[in-house]
Amino acid sequence: MTYTQLAVLGVVVAAVLDLAVFRTRLLRRRAFWTAYAIVVFFQLLTNGWLTGRHIVTYNPDTTLTDGDAVLLGDWRILYAPVEDLLFGFAMVLLSLDLWVVWGRRGVGREPSADGPWVRRRDAQQAADAASAQNPRRARNARP
Amino acid sequence: MPDALLPYSYLGVLVVILLTTLPLELYLGVRVWRRPRRLLLTIAPVVAVFLLWDLYAIDAEHWFFDPAQTTGVMLFGVLPIEELLFFVVVPIAAVMTLEAVRVVKTHWVVGDER
């Protein structure tokens, strides 16, 4: 099989796992597509580095692209063949599906986020709620 | 790039990915690194599937790697160790990104909620 065929197959298999086997249905969730949009941006950068510098070189006989790595065009985006986008999508979707599957089964579901950013937000929300309930007392309670 | 760093051209990318996602764990608090069992169970099948794909692709000459820009540590005689690490690092970064989205968008459902 060519890389093109395998890459399409990879996406189809990952999508079938997501929708019909695991039934995690990340493909129908905003959280997934938002995360993927962030990941694909960085994928284009790292892939551009790997392909543009010829750290990895693709065989044009097995891809849509016909020639050497170019910045854009000839079925390439930032030097990388478009097949890489499908390869990356399949890998990200499978990874996130498995993460959700294990979480659903209770593995590592707790505890939830606890960084400084979250603590600050939660403290702010608590303060806002208190001030909505009793403006004078909340104002006095603020540090 | 200095010649001495050339063998780390690929490995360096993986280090950069790990370092740039680390604030999600330390500052945002996604708790991905701190759930090693769930992370390991997630990564292992991905590594297995994509290593097989990689080995097939190398055998079928879909792609090849520059020996001068990789460390030279090879798996099965043909696969740069960077490829294995790529299949570990990228899923970690992807999971951290999803969890980061959830931290910010607390009402967005993913499917593992109670």
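## A tour of a two-chain model

Start by selecting A:L78, which you'll find in the loop between β3 (76–77) and β4 (80–81) of chain A. Before going further, keep in mind that this is a predicted model. With a relative accessibility of 31%, A:L78 counts as partly exposed.

**The nonpolar patch**

Now add A:I38, A:F41, A:F42, A:L45, A:L71, A:L72 and A:I77 to your selection; together with A:L78 they make up a nonpolar patch on the surface. Switch on the surface view and look at what they cover: about 740 Å² of accessible area together. Which element gives the most to this patch? That's α2(A), with four residues.

**The little sheet**

Stay in chain A and show the cartoon. Look for an open sheet of three strands, in the order β2-β3-β4, with antiparallel pairing. The edges are taken by β2 (72–73) and β4, each with a single partner strand, so one side of each has no neighbour in the sheet. Zoom in on β2(A) and β3(A): two bridges join them, and they run antiparallel. Two residues from the patch turn up again here, as A:L72 stands opposite A:I77 in β3(A).

**Rings in helix α2 of chain A**

Next, select A:F32 and A:Y36. Both sit in helix α2 (residues 30–52) of chain A, four residues apart, or about one turn of the helix. Are they buried or exposed? Both are buried. Across all chains the structure holds 20 aromatic pairs. A:F32 and A:Y36 form one that is stacked, with 6.2 Å centre to centre and 15° between the planes.

**A cluster with rings from chains A and B**

Clear the view and pick A:Y3, A:Y58 and A:F87, then B:Y10, B:F50, B:W53, B:W63, B:F65, B:F86 and B:F87. These form one aromatic cluster.

**Arginines over tryptophans**

Go to A:W49 and show A:R53 with it: the arginine lies over the face of the ring, at 4.7 Å from the ring centre. Then jump to A:W99, where the partner comes from chain B. Here B:R38 lies over the ring face, 4.0 Å from the ring centre.

**Following B:R38 into the salt bridges**

Keep B:R38 selected and add B:D112. These two form a salt bridge, the closest N and O atoms being 2.6 Å apart. The pair links distant parts of the chain, with B:D112 in the segment after α3 of chain B and B:R38 in helix α2 of chain B, 74 residues apart. How accessible are they? B:D112 is buried at 4% relative accessibility, and B:R38 is buried with a relative accessible area of 1%.

Now select B:R35 and B:E99, another salt bridge, whose closest N and O atoms are 3.5 Å apart. B:R35 is in the loop between α1 (9–28) and α2 (36–59) of chain B and B:E99 is in helix α3 (residues 81–104), so the pair ties together parts that are 64 residues apart in sequence. B:R35 is buried, at 6% relative accessible area, and B:E99 is buried too, at 7%.

Add B:R102 and B:E113 to see the bigger picture: B:R35, B:R38, B:E99, B:R102, B:D112 and B:E113 are linked in a network of salt bridges.

**Last stop**

Over all chains there are nine salt bridges. For one in chain A, select A:R121 and A:D122, where the closest N and O atoms are 3.5 Å apart. A:D122 is partly exposed, with a relative accessible area of 38%.

Conventions:
Residues are numbered from 1 along each chain as its sequence is written. Chains are lettered from A and ligands numbered from 1 in the order in which they are written. This is a predicted model: local features need pLDDT of at least 70, side-chain atom pairs count only at pLDDT 80 or more; totals for chains, interfaces and linings use all residues. Side-chain values use heavy atoms; hydrogens and water are left out. Rings of Phe, Tyr and Trp (its six-membered ring) pair if their centres lie within 6.5 Å; planes under 30 degrees apart count as stacked, over 60 as edge-to-face and the rest as tilted. Buried means under 20% relative accessible area, exposed over 50%, partly exposed in between (1.4 Å probe, protein chains only). A charge sits over a ring if NZ of Lys or CZ of Arg is within 6 Å of the ring centre and within 35 degrees of the ring normal. A salt bridge is a side-chain nitrogen of Lys or Arg within 4 Å of a carboxyl oxygen of Asp or Glu. Patches are made of residues with over 30% relative accessible area and no salt bridge: like charges are joined within 9 Å, nonpolar side chains (Val, Leu, Ile, Met, Phe, Trp, Tyr) within 5 Å. Accessible areas come from the Shrake-Rupley method with a 1.4 Å probe; for residues, only the protein chains shown count as cover. Two strands pair if DSSP finds at least two bridges between them.
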